Amino acid sequence: MKLIHGTQQEGRGSKPGSQFTGDVNNYMVMRRTDGVTINTVAFSPGARTYWHSHENGQILQVQSGEGFVATDADGVRILRPGDTVWCPPGERHWHGASPDTFLVHVAISLGQTSWAEEVTQGEYEDGTKGRDENDR
């Protein structure tokens with residue numbers, strides 16, 4: 001068993017290069033242990049990840065704010081507090097804050113992360129405009 005108290009988190013996550021657009025604070029809760037990494041990620045308005053996928057999948061648990069998750073197949077979906085997302089192994093996706101709100105989520109990543117290209121401003125705007133309550 002490994003118990004990590006809130007006051008004993010591993011600190012800021014560090015990744016080589018930049019895999020985010022905008023201001024993002026990535027707090028390492030648990031460094032890779034048995035192929036699992038846990039981060040709490042705080043996105044400023046409009047900030048987002050690059051396109052990426054995970055070897056064995058990823059779980060996102062939204063803590064606060066509002067944002068989006070998108071896949072090639074499903075397009076953009078709204079995220080709100082209490083939402084949980086399962087991204088299956090190899091599914092290309094991105095996630096981040098809405099244009100006018102912060103987003104905080106816990107990311108549980110399974111296996112290696114494969115980073116791809118940046119989500120362009122055009123992709124972000126095209127995917128997020130016109131969203132409303134019916135897009136849940």
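Which residue has its charged end over the ring of Trp51? That residue is Arg92, and its charged end sits 4.1 Å from the centre of the ring. Before I go on, please keep in mind that this is a predicted model.

Trp51 also belongs to a core of eight residues, along with Phe68, Ala70 and Tyr124, among others. This is the second core, and it is separate from the largest nonpolar one.

Let me stay with two of those members, Phe68 and Tyr124. Both are buried. Their ring centres are 6.2 Å apart and the planes stand at 80°; planes over 60 degrees apart count as edge-to-face, so that is what this pair is. Where in the chain do Phe68 and Tyr124 come from? Phe68 is in strand E8, residues 67–71, while Tyr124 is in helix H1, residues 121–128. The two are 56 residues apart, so the pair links distant parts of the chain. Tyr124 has a further neighbour: Arg48 lies over the face of its ring, at 4.4 Å from the centre.

How many aromatic pairs does the structure hold? There are four. Ring pairs also join Phe20, Phe43 and Trp115 into a cluster.

Phe43 takes us to the largest nonpolar core, which has 14 residues. Phe43 is one of those touching the most other members, and the rest of that group are Val24, Leu60, Val69, Leu79, Val85 and Leu103. Which elements give two or more residues to this core? They are four strands: E4 (36–43), E7 (58–65), E10 (84–87) and E12 (103–110).

That is what I have for today.

Key:
Residues are numbered from 1 along each chain as its sequence is written. This is a predicted model: local features need pLDDT of at least 70, side-chain atom pairs count only at pLDDT 80 or more; totals for chains, interfaces and linings use all residues. Side-chain values use heavy atoms; hydrogens and water are left out. A nonpolar core is a set of buried Ala, Val, Leu, Ile, Met, Phe, Trp, Tyr and Cys residues joined through side-chain atoms within 4.5 Å. Buried means under 20% relative accessible area, exposed over 50%, partly exposed in between (1.4 Å probe, protein chains only). Rings of Phe, Tyr and Trp (its six-membered ring) pair if their centres lie within 6.5 Å; planes under 30 degrees apart count as stacked, over 60 as edge-to-face and the rest as tilted. A charge sits over a ring if NZ of Lys or CZ of Arg is within 6 Å of the ring centre and within 35 degrees of the ring normal.
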